[in-house]
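Biologist: I'm new to this structure and would like a close look at one part of it, the sheet and what surrounds it. Could you pick a starting residue and walk me through?

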Amino acid sequence: MDVATWLRCLGLERYEAAFRENEIDWEALPKLTAEDLKDLGVVLGSHRRRLLEAIVGLQKDVGPVPETVVAASTAERRQLTVMFCDLVGSTALSAHLDPEDLREVIAAYHRSVAGVVAQFDGFVAKYMGDGVLVYFGYPSAHEDDAERAVRAGLGIIETIGRLDVKLAELQARVGIATGLVVVGDLIGEGSAQEQSVVDETPNLAARLQVLAEPAAVVIAASTRRLVGDLFEYRDLGAVEVKGIAGPVPAWQVLRPSAVASRFEALRGSALTPLVGRDEEIDLLLRRWTRAKAGDGQVVLISGEPGIGKSRLTAELEERLQSQPHFLLRYFSSPFHQDSALYPFIDQLGRASRFAHDDPPAAKLEKLEALLARAALSDEDVAFLADLMSLPASERHPLPNLSPQRKKENTLEALIRQLEVLASRQPVIMIFEDAHWIDPTSRELLAILVERVRSLPVLLIVTFRPEFQSPWTGQPQVTMLALNRLDQHDRTALVDQIAGGKALPNEVIDQIVDRTDGVPLFVEELTKSVLESGVPLGGIPTTLHDSLMARLDRLGSVRRVAQIGAAIGRDFSYALLRLTRCCAPSPISRRTSYKPLSRGWWPPSWLSSAARRPTRSTVSSMRWSRTRLTGACCAAPGSNCTRRSPKRSRPNHRRRKRTNPSSSPSTMRRLGWLTNPSHTGARPVGGPPPARRSRKRPHSSRRVWTSWRSWPTPPNASDRSSSCAAAWERL
């Protein structure tokens with residue numbers, strides 16, 4: 001196995017040279033420790049954690065390496081956010097700069113772009129002179145790839161503008177678009193080899209870049225839909241784009257928005273009614289009653305993405321609006337996990353009403369006015385001003401202390417601010433997305449969990465199941481795990497979202513069945529049906545990235561998920577093993593069942609390949625899905641009950657086929673069935689069988705006719721049983 005390929009699959013190709021210079025081969029890789037990675041120059045944070053997790057997977061021999069490597073060199077269908085970045089005025093630069101000087105300018109530009117892209121886990125696909133093509137969502141997906149691309153674009157504009165190149169003043173412009181593509185085909189040879197993307201999305205991103213002004217980021221409507229109100233925009237209207245029929249809506253991204261909550265920015269202010277959470281709300285209200293009486297409470301809310309953690313806290317805020325209290329909201333960010341005390345810095349900035357164009361002096365005045373209401377000492381104000389990176393003032397001089405001592409005093413200043421507020425009115429503290437918390441904020445949060453016991457404070461912390469809370473078991477702490485909605489609540493939620501529009505009962509039943517009780521999935525799939533008017537088409541665009549990120553995290557068992565999606569929602573281990581589509585890696589019961597448990601398996605609409613083989617399913621290509629379905633049909637040992645065939649017609653050759661893929665010629669060509677005269681063998685793949693005579697025995701003709709006359713099975717188990725029964729009749 002190639003270490004360089006392994007690093008590229010993890011999105012950490014920037015460390016390829018360091019691993020090569022230190023002669024780190026595949027055998028030495030599982031033995032690396034955190035200190036070794038530090039010596040190799042791996043930055044502290046998400047990069048080092050990602051490498052350590054992958055190395056642990058190698059040590060257990062179930063890591064994500066083998067399948068990720070395969071995915072990196074095999075074409076697959078993915079929703080991809082493509083960014084095209086261009087250096088403004090490069091032609092004019094080449095006219096008056098010496099070629100060697102121009103080379104230095106272009107190299108500095110490329111390094112700056114690659115550095116920003118690496119911060120947001122993007123993938124630099126190609127350098128084209130002064131242009132750079134970047135993918136977000138490949139080779140590994142994230143639930144927020146569109147947001148990552150936009151933040152990277154703004155970061156590139158800022159970084160290039162600050163680039164210290166004495167020969168010229170540089171500016172860049174960026175175009176971004178999102179769409180479903182086929183990515184991964186290796187084209188070219190040697191140094192010209194690249195992984196291509198087939199679709200109009202890269203062309204649209206390149207055309208939008210041409211329309212962008214210098215130092216501007218322009219995005220397409222598909223990207224705008226995914227990032228919601230996370231940014232501030234300037235609507236450019238519908239613009240004419242070369243090579244694309246009809247005007248294309250476009251927006252210029254100005255800056256990150258001042259919306260505090262990611263939930264509010266992505267879902268909007270109009271929230272859907274809360275369904276199926278009455279017991280959870282009652283629990284929070286009871287804890288609030290105890291907190292108001294001076295018995296401080298901590299509630300830890302755990303749940304998978306989309307289960308409704310933020311919606312539950314929003315409902316609590318709405319119900320307590322009429323009661324006197326202070327509300328403090330803190331939000332962790334996946335992009336600031338290495339920024340000390342970022343949630344508290346962000347909260348102080350919002351509470352002080354900082355504007356993006358405020359000078360430091362104006363921000364300091366606003367912060368002093370906020371802290372004056374808390375009656376903090378001059379020393380506390382100085383520490384908090386320093387935390388906000390504001391210059392010290394004569395009114396609040398900053399003491400000269402060691403970094404450790406300064407950190408301790410800053411934490412105490414934040415705690416004293418809370419104590420002063422709690423002495424006036426009860427306080428509700430909501431700390432969201434603790435799974436992205438930075439180490440210093442986690443340390444402060446642990447102190448707050450202890451201190452609120454004697455304060456009229458209700459502290460609510462939300463996080464995903466992968467976050468290991470160290471505070472459970474304490475008397476003031478309550479653990480609240482959110483479960484999926486039952487069938488009755490799912491139906492009620494669909495009715496609430498549909499409003500006055502009546503959906504057929506069959507459509508409602510399918511939405512209820514396929515979304516597995518995750519409220520976000522129910523909401524997005526219902527909205528997709530209402531907007532498109534098509535009953536249960538493809539996966540909603542807003543869920544593509546999230547579902548693909550879950551699949552990528554499955555690692556080596558991702559292939560099992562792809563096979564399962566081609567078979568159907570329910571299948572046996574025996575059928576999975578007999579498909580022979582997982583060679584050379586054998587399937588074990590531990591490997592196949594662990595990721596397919598309820599908490600891991602994607603919604604069941606991903607299993608639509610069994611009903612529509614041409615659908616995009618779990619990123620597999622069409623030919624791969626067809627081969628998988630054929631293998632499942634030909635797999636021996638299926639004991640399912642065969643569906644009764646209809647009576648065949650004598651003129652079966654002239655019948656119009658409702659399912660051409662099930663014709664005898666297609667089945668033989670794909671290797672699903674061999675010549676009926678060939679006894680016993682049922683190969684999967686391999687060369688096609690010998691050409692048959694046009695004259696067929698009556699018995700075999702009856703079998704072919706019966707097969708064509710059967711309706712399309714609802715899942716692959718029925719198709720497999722039908723195929724097995726046909727063979728028995730032969």
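Modeller: Let's start with aspartate 295, which is partly exposed, with a relative accessible area of 31%. That value lies between the 20% below which a residue is called buried and the 50% above which it is called exposed, so "partly exposed" is the right label. Keep in mind that this is a predicted model.

Aspartate 295 has a charged partner: it forms a salt bridge with arginine 290, and the closest N and O atoms are 2.9 Å apart. Arginine 290 is partly exposed too, at 39% relative accessibility. The idea behind such a pair is simple: side chains of opposite charge can pair when their charged atoms come close.

Now for the sheet. Which strands form it, and in what order? There are 5 strands, and reading across the open sheet you meet β10, β11, β12, β9 and β13, with parallel pairing. The edges are taken by β10 (326-331) and β13 (477-481); each has a single partner strand, so one side of each is left without a neighbour in the sheet. On average, neighbouring strands of this sheet are turned by 15° against each other, if direction is ignored.

In that order β12 sits between β11 and β9, so let's settle there for a while. Is β12 mostly covered or mostly open? Mostly covered: 7 of its 7 residues are buried. Val457, Leu459, Val461 and Phe463 point one way from β12, while Leu458, Ile460 and Thr462 point the other way. This fits a general pattern: in a regular strand the side chains alternate between the two faces of the sheet.

Each neighbour of β12 can be followed residue by residue. On one side, strand β11 (residues 427-432) pairs with strand β12 (residues 457-463) in the parallel sense, over 5 bridges. Along that seam, methionine 429 stands opposite leucine 459 in β12, and isoleucine 428 stands opposite leucine 458 in β12. On the other side, β9 and β12 also run parallel, joined by 6 bridges. Here glutamine 297 stands opposite leucine 458 in β12. Leucine 458 is therefore a handy landmark, facing glutamine 297 and isoleucine 428.

How does the chain get from β11 to β12? It crosses through helix α18 (residues 439-451), and this β-α-β crossover is right-handed. Around here you can also find a charged pair: the side chains of arginine 453 and glutamate 450 meet in a salt bridge, 3.6 Å from N to O. Both ends are partly exposed, with arginine 453 at 39% relative accessible area and glutamate 450 at 41%.

Next, look at what lies against the sheet. Helix α13 (residues 309-319) lies across β9 (297-302), β10, β11, β12 and β13, and it runs at about 160° to β12. Helix α14 (residues 342-351) packs on the sheet as well, touching β10 and β11, and its direction makes about 130° with that of β10.

One more charged pair makes a nice contrast with the ones above. Aspartate 358 and lysine 366 meet through their side chains in a salt bridge, 2.7 Å from N to O. Aspartate 358 is buried, with a relative accessible area of 17%, whereas lysine 366 is partly exposed at 29%.

Finally, step back to see where the sheet belongs. The protein chain has 29 helices and 13 strands, and buried residues make up 53% of its 730 residues. The structure holds 30 salt bridges, including a network that links Asp121, Asp144 and Arg148. For a helix that is hidden away, find α22 (residues 541-553): 10 of its 13 residues are buried, so the rest of the structure largely encloses α22. Among those buried residues are Leu543, Met548 and Leu551, and also Asp545 and Arg550. And if you'd like an antiparallel pair to set beside the parallel sheet, β2 (residues 123-128) and β3 (residues 131-136) pair that way over 5 bridges. Tyrosine 127 stands opposite valine 132 in β3, and in the hairpin of these strands, which has 2 residues between them, glycine 129 takes a positive phi near 65°.

Terms used. Residues numbered from 1 in each chain as written. Predicted model: local features only at pLDDT ≥ 70, side-chain atom pairs only at ≥ 80, totals over all residues. Heavy atoms only, no water. Buried < 20%, exposed > 50% of the residue type's maximum accessible area, 1.4 Å probe, protein only. Helix = DSSP H or I, 4+ residues; strand = E, 2+ residues; numbered from the N terminus. Pairing = 2+ DSSP bridges. Axes fitted to C-alpha atoms, helices over the stretch in contact; angles between N-to-C directions. Contact = heavy atoms within 4.5 Å. Salt bridge = Lys/Arg side-chain N within 4 Å of Asp/Glu carboxyl O. Right-handed = clockwise from strand over helix to strand, strands pointing away.
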